[in-house]
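Open the structure in your viewer and get your selection tool ready. We will take a short walk through it, one stop at a time.

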Amino acid sequence: MLFDLDALTLARMQFAFTVSFHIIFPAFSIGLASYLAVLEGLWLWRKEQVYRDLFNFWKKIFAVAFGMGVVSGIVMAYQFGTNWSVFSDKAGPVIGPLMGYEVLSAFFLEAGFLGVMLFGEKRVGPGLHYFATLMVAAGTLISATWILSVNSWMQTPAGYSINAAGQFVPEDWWAVIFNPSFPYRFVHMVLAAYLTTAFVVGGIGAWHLLKDTASHGARVMFSMAMWMAALVAPIQIFAGDLHGLNTLEYQPAKVAAMEGHYETQVGAPLILIGVPDDEAEITRYQLAIPKLGSLILTHHADGEVKGLKAFPKDQRPPAEIVFWSFRLMVGIGFAMLGIGLWSLLRRLKKNRLYEDRWLHWAALFMAPSGLVAVLAGWVTTEVGRQPYTVYGLLTTAESASPIAAPAVATSLVAFIIVYFFVFGAGTFYILRLCGKSPDRVDPETEHGPSHAAGINPGPALKAGG
Amino acid sequence: MTVDLPFIWAGLIAFAVLAYVVLDGFDLGVGILFPLAKKSHDRDVMMNSVAPVWDGNETWLVLGGGGLLAVFPLAYALIMPALYAPLIAMLLALVLRGVAFEFRWRTKRGQFLWDWAFSGGSLIATFAQGMALGALVQGIPVVNRAYAGGWWDWVSPFTLLTGVALVMGYALLGATWLVMKTEGELQETSRKQAWVTGAATIVLIGAVSLWTPFLEPIYFARWFAWPAMLFSAIVPLLVLVCIFGLYTGLRDRSDYRPFFSSLGLFVLCFAGLGISFYPYIVPPALSIWDAAAPDKSLGFLLVGALVLVPLILAYTAYSYWVFRGKVDPHEGYH
């Protein structure tokens with residue numbers, strides 16, 4: 001079946017597959033690196049053992065997730081060339097230096113200090129160790145800055161001209177980096193990463209609270225995560241709205257697909273649920289609120305909203321995908337807000353936060369929700385900018401390498417096999433690490449009272465070095 | 001006078017690739033030698049000797065790839081499809097060995113699986129890199145800004161030779177690294193391995209060096225034309241110095257000399273390659289000036305590189321300094 005597809009489709013499948021696997025890990029590790037910095041900071045400041053235990057608990061999980069992010073990221077750095085060589089040749093002079101800056105200012109920083117953070121605790125003092133943790137956290141954020149600038153430039157190109165060889169060449173670096181969609185996309189993605197981590201941490205905290213309500217570590221991490229949910233989820237919804245308005249300005253076809261609008265309308269409804277049909281150019285079985293679409297997008301009940309029919313058929317993104325991925329993302333966003341508000345309500349009474357088992361089950365269920373929302377959001381923005389790689393200027397079909405279909409199909413199969421094996425195992429190990437009690441003190445790095453009291457360090461630790 | 005930015009960048013990219021080869025070279029080499037260690041404890045020590053630094057080492061590979069895209073986008077767009085199969089194989093192998101650093105500590109039952117992923121991945125990645133390098137040296141046909149060769153051009157007697165040569169070379173780096181970082185029985189074993197891999201590496205370097213000038217007339221002219229030969233002859237002479245250092249270092253049971261002599265060998269081979277290549281980046285079609293991005297791209301990234309590369313070297317050196325000396329078998333956070 002795979003071998004019947006053309007090279008372009010296969011290359012797109014390969015990119016979608018490898019980038020989707022990749023984004024899961026940075027989305028999680030950006031937030032987790034900052035969380036580790038907070039935990040170690042609290043430990044150094046307050047000297048409460050629980051922060052140290054939590055730091056060591058999440059550090060191991062970070063190491064596994066970060067390793068998977070690194071190796072899947074190396075693949076991305078080369079895939080531009082192997083499968084999208086025409087794009088690389090044409091866009092390289094603009095996006096290449098930005099990615100070069102990402103490597104120089106972020107990847108080396110993370111990698112250089114990760115070793116000290118993971119292995120160097122006994123070799124450097126607490127101050128330097130904390131510095132290393134901060135550098136790892138800073139590296140993840142710097143990396144996000146550059147790569148989102150690259151992606152945003154591809155969505156809303158600015159500051160370039162086109163030379164005789166057909167290459168995009170830089171004219172104004174400031175305009176390239178701070179292209180129109182970059183600030184919105186950056187804020188939206190970093191908040192998404194923080195929410196993703198908050199819900200993973202909250203879900204794991206909830207799991208341990210369900211097993212043992214008294215667990216000190218579980219209480220602290222659950223409470224911290226719920227604060228993040230309550231504070232960041234509303235900000236994220238607001239930031240997402242601004243990002244959407246920016247998209248409406250620069251990529252109206254994408255917004256039309258997200259909304260499921262085919263007709264250009266004055267006083268457009270907000271379609272909550274429906275089934276878009278790109279062939280028939282209609283969204284069937286609509287459940288819609290009149291005028292709300294215009295109100296949200298133009299801030300006027302009778303504002304005009306462009307539909308997909310306003311664009312030539314070969315310049316439209318597939319609404320059948322974008323419509324659903326967008327709803328999935330937004331739905332999860334509001335569910336996160338709900339959990340955050342629920343937790344605030346429970347804080348009104350002492351200890352209720354740690355005893356509401358329904359809340360804990362809900363938080364556990366929501367643990368992977370951030371990852372799903374991140375993927376859905378990226379599907380929305382990436383599928384929504386089709387058929388272009390550089391929006392309005394270079395089509396996806398023109399971007400691909402002149403590679404024969406069988407070669408791409410073979411490598412795609414190889415990627416699928418290796419990734420499922422490797423990342424399946426990695427996820428399993430992460431879950432197993434998550435399942436260990438956060439209160440257990442690691443006897444290798446710790447000689448605290450609980451260890452002296454003879455708590456069994458557990459079989460998995462014996463497997464360690 | 002204008003600054004020749006493509007020339008400067010060719011030097012910087014070459015430096016990144018060299019840094020990658022020598023740094024990831026020894027940790028891939030440790031992976032290649034991994035299955036030869038009989039005791040599980042020895043394997044733990046071998047792994048721990050590179051665990052804190054492998055990630056930084058591999059970042060040079062990302063810089064090599066990312067830097068090529070930034071400053072020589074056309075070369076990137078030609079080399080990557082031309083070397084499609086070996087590069088994909090290398091990437092997948094690097095995935096397998098990279099995750100093994102963490103995964104093997106997370107399971108007792110499945111540890112053997114990740115040990116195989118580590119050694120198999122290291123071996124395949126190295127062999128693929130060697131073949132890719134050989135294929136680049138062989139030359140890449142280009143028509144109209146696109147790769148114009150066949151999909152199996154990267155397989156030839158020459159590329160098989162360079163593949164094997166790199167496996168031996170990395171194994172030598174790995175063995176001498178372990179001589180430097182370990183003690184007792186493991187160090188003894190590593191020293192024996194260094195003798196074997198060292199001899200094999202030297203023979204293979206000789207074979208590749210003698211073969212290369214006959215692949216392309218430009219390479220031949222570079223090495224044997226008078227008076228350029230006076231300068232290019234320095235490289236083989238220095239190679240002899242490094243071989244002497246390796247030999248005496250192993251004979252005198254020195255901790256450091258074998259490793260640094262082996263590093264020297266790699267640096268010199270790389271310099272030799274540079275002598276053959278210059279000023280081509282995709283021989284024989286494309287010079288560095290043909291492939292370069294506009295000066296505005298090169299200049300912009302150069303500013304950052306001039307500030308950041310020294311910083312990177314400083315904290316990389318610091319990180320090696322923190323983990324200096326013999327590996328403590330009881331260390332590690334796992």
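Start with A:P387, which sits in the loop between α12 (369-383) and β7 (388-390) of chain A. Keep in mind along the way that this is a predicted model. Now add A:Q386 to the selection: the peptide bond from A:Q386 to A:P387 is cis, and its omega is near 10°. As a rule, most peptide bonds are trans.

**The hairpin in chain A**

Next, select β4 (270-277) and β5 (282-289) of chain A. How do β4(A) and β5(A) run, parallel or antiparallel? They run antiparallel, and 6 bridges join them. To see one of these contacts, pick A:L270, whose bridge partner in β5(A) is A:I289.

Together the two strands form a hairpin with 4 residues between them. Zoom in on the turn and choose A:E281, found in the loop between β4 and β5 of chain A. A:E281 is not a glycine, yet its phi is positive, at about 55°. For context, most residues other than glycine have a negative phi.

**A nonpolar patch on the surface**

Stay with the hairpin and switch on a surface display. Select A:L272, A:I273, A:V275, A:Y285, A:L287, A:I289 and A:W324, which form a nonpolar patch with about 680 Å² of accessible area together. Strands β4 and β5 of chain A each supply at least two residues of this patch. A:I289, the bridge partner of A:L270, is thus a name you will meet again, as it is listed among the patch residues.

Is A:Y285 buried or exposed? This tyrosine belongs to strand β5 of chain A. Its relative accessible area is 67%, and because exposed means over 50%, A:Y285 counts as exposed.

**Charges over rings**

Two arginines in chain A deserve a look from the side. Select A:R327 with A:F323: the arginine lies over the face of the phenylalanine, at 3.6 Å from the ring centre. Then move to A:R46, which lies over the face of A:W45 at 5.5 Å from the ring centre.

**Aromatic pairs**

Now colour the aromatic side chains. Over all chains, the structure holds 46 aromatic pairs. One of them is made by A:Y429 and B:W114, an edge-to-face pair with 6.4 Å centre to centre and 75° between the planes. A:Y429 lies in helix α14 (residues 405-435) of chain A and B:W114 in helix α6 (residues 111-138) of chain B, so this pair joins two chains. Both A:Y429 and B:W114 are buried.

For another edge-to-face pair, go to B:W195 and B:Y247, with 5.8 Å centre to centre and 80° between the planes. Where in chain B do B:W195 and B:Y247 lie? B:W195 is in helix α8 (residues 184-211) and B:Y247 in helix α11 (residues 234-251), so the pair links distant parts of the chain, 52 residues apart. Both are partly exposed: B:W195 has a relative accessible area of 37%, and B:Y247 one of 42%.

Back in chain A, select A:F17, A:F21, A:F25, A:F415, A:Y419, A:F420 and A:F423. Ring pairs link these residues into a cluster.

**Last stop in chain B**

Finish at B:R253, in the loop between α11 and α12 (257-277) of chain B. B:R253 has a positive phi of about 55° although it is not a glycine. Its relative accessibility is 46%, which makes B:R253 partly exposed.

Technical notes
Residues numbered from 1 in each chain as written. Chains lettered and ligands numbered in written order. Predicted model: local features only at pLDDT ≥ 70, side-chain atom pairs only at ≥ 80, totals over all residues. Heavy atoms only, no water. Patch = residues over 30% accessible without salt bridge, like charges linked within 9 Å, V, L, I, M, F, W, Y side chains within 5 Å. Areas by Shrake-Rupley, 256 points an atom, 1.4 Å probe, with all protein chains shown as cover. Salt bridge = Lys/Arg side-chain N within 4 Å of Asp/Glu carboxyl O. Buried < 20%, exposed > 50% of the residue type's maximum accessible area, 1.4 Å probe, protein only. Phe/Tyr/Trp six-rings, centres within 6.5 Å; stacked < 30°, edge-to-face > 60°. Lys NZ or Arg CZ within 6 Å of the ring centre and 35° of its normal. Pairing = 2+ DSSP bridges.
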